[in-house]
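User: Hi! I'd like to talk through the charged pairs and cysteines in this one. Can you pull it up?

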Amino acid sequence: MNKQEKKNIGRALTALTMFVATLLTSCSGNNEVNDDGAAGTDVNPRVVFTGGLPRQVGELTLQTNKDGRVASITSDNGPTAVFEYRERYYRGGIRMPGVMMTVTEGSSRYVYALFLNAKGFVRRCMETVYKTTDGKEEKPYSDGWAFSYDKDDRLTYAYYAGAKKEINIDYLDGDIVQITNSTSGVREEPLHVVYHTAATSAPLANKGCLMLFDDFTGIDIGRLRYAYYAGMLGKAPSHLPVAVTQKDKLRGSFDWRLSDTGYPLMLIYTETGAQQRTLRFAW
């Protein structure tokens, strides 16, 4: 990160920190545990990936540093995410981020200042975008994200200030059962996650601690999904999904291929009206 980027982030931190802090205070439920962490809160991805981190998730390849934290996430001919871990501290009464995540996509860069709670999960985030069009750098712009978790450290709420977008995630017995998206107060029809059908003998245990985002489940948090694989967006559901429905109609189905020990090796995702997608996993 160059000096100008640091200056841009510094200018935006005060306003965004105050805004997101106010938002989180008003949106947190009684069962949510969202206290900010003290300086030096440790990021430990094995708290999330209890059986060990995946080496590959679809097109994503994870690399760790000597401390066992995720140092980078790369993909063939695609984005690269790099993580910088630091001790948190205050400057002028403003809390500084504990982790910086930089995602590079072609000539564009997305810099995320991640503020963590006491468990090491992202509580609030500032995103600064640097784009280059036709060889000319555009003026960078910043926006804010906010996240909440329940008492079991699972992600329950995400808010993106720029689009006034809210994502509410409801759980039952450790599994996501409903996802509700709204933009500027306009609520979409909820999505429902299914874990057991007549074709399955029993729900599949989520031994790899995977969490699916974007169009797989309707939890669209953009590039911040990389933070999950670094262990900073809460814990995984207890079981692997087999289908997602909306208005009682099938939106997508999941066909999992597991190893002898129950870890996912491949996922074939079939979206209604679209081509199949295949993700492979390595451990």
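User: Let's start with aspartate 42: how accessible is it?

Analyst: Happy to help. This is a predicted model, and in it aspartate 42 is partly exposed, with a relative accessible area of 46%.

User: Which residue does aspartate 42 form a salt bridge with?

Analyst: Arginine 69, with the closest N and O atoms 2.4 Å apart. The two sit in distant parts of the chain, 27 residues apart: arginine 69 is in the loop between strands S2 and S3, and aspartate 42 is in the loop between helix H1 and strand S1.

User: And is arginine 69 buried or exposed?

Analyst: Buried, because its relative accessible area of 17% is under the 20% cut-off.

User: How many salt bridges does the structure hold?

Analyst: Ten. Among them is aspartate 153 with lysine 119, at 3.0 Å between the closest N and O atoms. Aspartate 153 is buried at 9% relative accessibility, while lysine 119 is partly exposed at 43%. Lys119 and Asp153 are also linked with Lys235 in a salt-bridge network.

User: Nice. What about aspartate 220 and lysine 165, how far apart are their closest N and O atoms?

Analyst: They are 3.7 Å apart. Aspartate 220 lies in the loop between strand S18 and helix H2, and lysine 165 is in strand S14, so this salt bridge ties together parts 55 residues apart in sequence.

User: Switching to cysteines: how many disulfides are there?

Analyst: Zero, searching the whole structure. As for burial, cysteine 125 is buried at 3% relative accessibility, and cysteine 209 is buried at 8%.

Terms used. Residues numbered from 1 in each chain as written. Predicted model: local features only at pLDDT ≥ 70, side-chain atom pairs only at ≥ 80, totals over all residues. Heavy atoms only, no water. Disulfide = S-S within 2.5 Å. Buried < 20%, exposed > 50% of the residue type's maximum accessible area, 1.4 Å probe, protein only. Salt bridge = Lys/Arg side-chain N within 4 Å of Asp/Glu carboxyl O. Helix = DSSP H or I, 4+ residues; strand = E, 2+ residues; numbered from the N terminus.
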